[in-house]
Number of protein chains: 2
Amino acid sequence: MNLETLSSHRCHGGVQSFHRHASAETGTPMRFAVFTPPGAGPYPVVWFLAGLTCTEENFTVKAGAQRKAAELGLMLIAPDTSPRGEGVADDPAYDMGQGAGFYVDATQPPWAPHFRMRSYIERELPNIVGEVFPADLARQGIIGHSMGGHGALTIALRNPERFAAVSAFAPICSPMNCPWGEKALSGYLGPDRSAWREYDACALIEDGARVAELLVDQGEADPFLETQLKPELLEAACARAGIPLTLRRRPGYDHSYWFIQTFIDDHLRWHAERLKR
Amino acid sequence: MNLETLSSHRCHGGVQSFHRHASAETGTPMRFAVFTPPGAGPYPVVWFLAGLTCTEENFTVKAGAQRKAAELGLMLIAPDTSPRGEGVADDPAYDMGQGAGFYVDATQPPWAPHFRMRSYIERELPNIVGEVFPADLARQGIIGHSMGGHGALTIALRNPERFAAVSAFAPICSPMNCPWGEKALSGYLGPDRSAWREYDACALIEDGARVAELLVDQGEADPFLETQLKPELLEAACARAGIPLTLRRRPGYDHSYWFIQTFIDDHLRWHAERLKR
């Protein structure tokens, strides 16, 4: 385990730290951030998957989540959103390539060698976290924002036994049915849309995947609401499947971390209730 | 009044906005950030002055202050730390010039034409805020960090009638007695140290300036504690002058916004108590 600690800061009685390691899945150095709450571990873990253009820093710096996580005794893990570096394929647009991994295992050139964010988040990083940090991997929750909301929903739907709680802020609810998703999934996975279904929360639910319940907050002033996010598709899929979905439409809120910081405490409480035992 | 609103975001039931205007004092465009809490105004105002290298964004994005300010009904104003731009003098080092205005009115070349942060914060910006925003300027508090802590202390000591509360995180307590301060004050004000005294909290107190009380938090793992910040000098000056100083040394905390976000709620509560009427 070649885990490097880049920095470490006392925060709300716990520790906010930043780390780098050589990822076997992506074949690149990968960074992630960890908030370790005060008190004795092992701690239940809440993952936060970020959106397009983000790194491990956006949520960690901007969401103001540490205060409530300290109070609730939750460990927070924020991974980066893609492999990065000179030898890694990229696209000039912000919605493809570096910073836009879409939490898939790519099968198509030029992406396939490094863009393995699904396996990185589902397998490699949890193993590292379990080895190195006082994390109780029997108690995990996952939250995501936008592209990361899509990541959180699909990873939880494919791994319901791993997550006692899943929630999202302004998630891309059905990448198969929006421009961001169609571009990314066709690029990373090729033209066969049947291969896309395991990366689409609504399709996964249609195909039988289940979680106990879902919490989603969505700003009504979000500029991506109608064209990219489409919570009504998730609403319909959950209704048909009988999955209890708490979808809160928030008047006046946009797509930013100003929106996330407003409701993050609610989400952390919701996770903590479901991670207690 | 040519005030431009650069962006505006709903946050914790209030509004976080960013603004730009042509400053008469600095002769440059200046930016500042405003958090307007929910509920009916006019609101008491708490100023936050940031440290070296910072802009109006650092506190606004990193301190997580909006949640508590919304709860307490406080308006938060975060100015930039210096004039900026191509026609503005600068220094290759981070601790002089752009991003390092030190809250002085410079008298020396090449700084004098634009580096007028004292007059900007003491006179120009409050007038703009009072004209444009629902701010109750009869109820003002001021907080600062590092160089901005020096700014908050000196501005409050020179204008005790304006501020009902003043506090600081890891302030430069005596710029006349540390390398950052000696470089900045000699550069901006020239070699005559008697001209520096109105920009040194400890010298101001020694010369008779008074505030009702002071609150200071200081991390014990702050790498600048011994060489630059020197809270013991403020402690001694306050003791001699009979100014009640609450100085809390926080084991393990460093100089960062991880430290500030941990204790900002305390400071806002402290200000709110003193701004009520």
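## Worked exercises: salt bridges, pockets and an interface

With a relative accessible area of 27%, A:E213 comes out as partly exposed. Keep in mind that we're working on a predicted model.

**Exercise 1.** Work out which parts of the chain are linked by the salt bridge between A:R274 and A:E213.

*Solution.*
- Step 1: start with the contact itself. The closest N and O atoms of A:R274 and A:E213 are 2.6 Å apart.
- Step 2: place both ends. A:R274 sits in helix α9 of chain A, while A:E213 is in the loop between α6 (201-206) and β8 (214-219) of chain A. They are 61 residues apart, so the pair links distant parts of the chain.
- Step 3: check accessibility. A:R274 has 25% relative accessibility, so it counts as partly exposed, and A:E213 is partly exposed as well, at 27%.

**Exercise 2.** Find the spacing of A:K68 and A:E71 in helix α2 of chain A, then say whether each one is buried or exposed.

*Solution.*
- Step 1: the side chains of A:K68 and A:E71 form a salt bridge, with N to O at 3.0 Å.
- Step 2: the two residues are three apart in helix α2 (residues 66-72) of chain A, so about one helical turn separates them.
- Step 3: A:K68 has a relative accessible area of 7%, so it is buried. For A:E71 the value is 53%, which means exposed.

**Exercise 3.** Locate A:G13 and list what it touches beyond its sequence neighbours.

*Solution.*
- Step 1: look in the loop between β1 (4-11) and β2 (14-22) of chain A, and there's A:G13.
- Step 2: leave out residues up to four places away in sequence; A:G13 then touches A:P38 and B:Y253.
- Step 3: relate A:G13 to the previous exercise. Its C-alpha atom is 9.4 Å from that of A:E71, with the two positions 58 residues apart along the chain.
- Step 4: A:G13 has 31% relative accessibility, so it counts as partly exposed.

**Exercise 4.** Trace the salt bridge of B:D265 and state whether its two ends are buried or exposed.

*Solution.*
- Step 1: the partner is B:R67, with the closest N and O atoms 2.5 Å apart.
- Step 2: B:D265 belongs to helix α9 of chain B and B:R67 to helix α2 (residues 66-72) of chain B, 198 residues apart.
- Step 3: both B:D265 and B:R67 are buried.

**Exercise 5.** Describe the largest pocket by volume, lining and residue class.

*Solution.*
- Step 1: the volume of the largest pocket is about 490 Å³.
- Step 2: 25 residues line the largest pocket, and A:K62, A:H145, A:H255, A:S256 and A:Y257 are the closest to its centre.
- Step 3: the elements giving two or more residues to this lining come from both chains: α1 (56-62) and α9 (257-275) of chain A, plus β1 (4-11) and α1 (56-62) of chain B.
- Step 4: sort the lining by class and you get 11 nonpolar, nine polar and five charged residues.

**Exercise 6.** Characterise the interface of chains A and B by contacts, buried area and salt bridges.

*Solution.*
- Step 1: count contacts. 23 residues of chain B are in contact with 23 residues of chain A.
- Step 2: take the buried area, about 1,900 Å², with carbon and sulfur atoms giving 56% of it.
- Step 3: look for salt bridges. The structure has 50 over all chains, but the count between chain B and chain A is zero.

Conventions. Residues numbered from 1 in each chain as written. Chains lettered and ligands numbered in written order. Predicted model: local features only at pLDDT ≥ 70, side-chain atom pairs only at ≥ 80, totals over all residues. Heavy atoms only, no water. Helix = DSSP H or I, 4+ residues; strand = E, 2+ residues; numbered from the N terminus. Buried < 20%, exposed > 50% of the residue type's maximum accessible area, 1.4 Å probe, protein only. Contact = heavy atoms within 4.5 Å. 1 Å grid on protein atoms, 1.4 Å probe; cavity = no way out; pocket = protein on both sides within 12 Å on 5 of 7 lines; lining within 4 Å. Points joined across faces, edges and corners; volume = space filled by probe spheres on them. Nonpolar A, V, L, I, M, F, W, Y, C, P; charged D, E, K, R; others polar. Buried area = accessible area lost by both parts, 1.4 Å probe. Salt bridge = Lys/Arg side-chain N within 4 Å of Asp/Glu carboxyl O.
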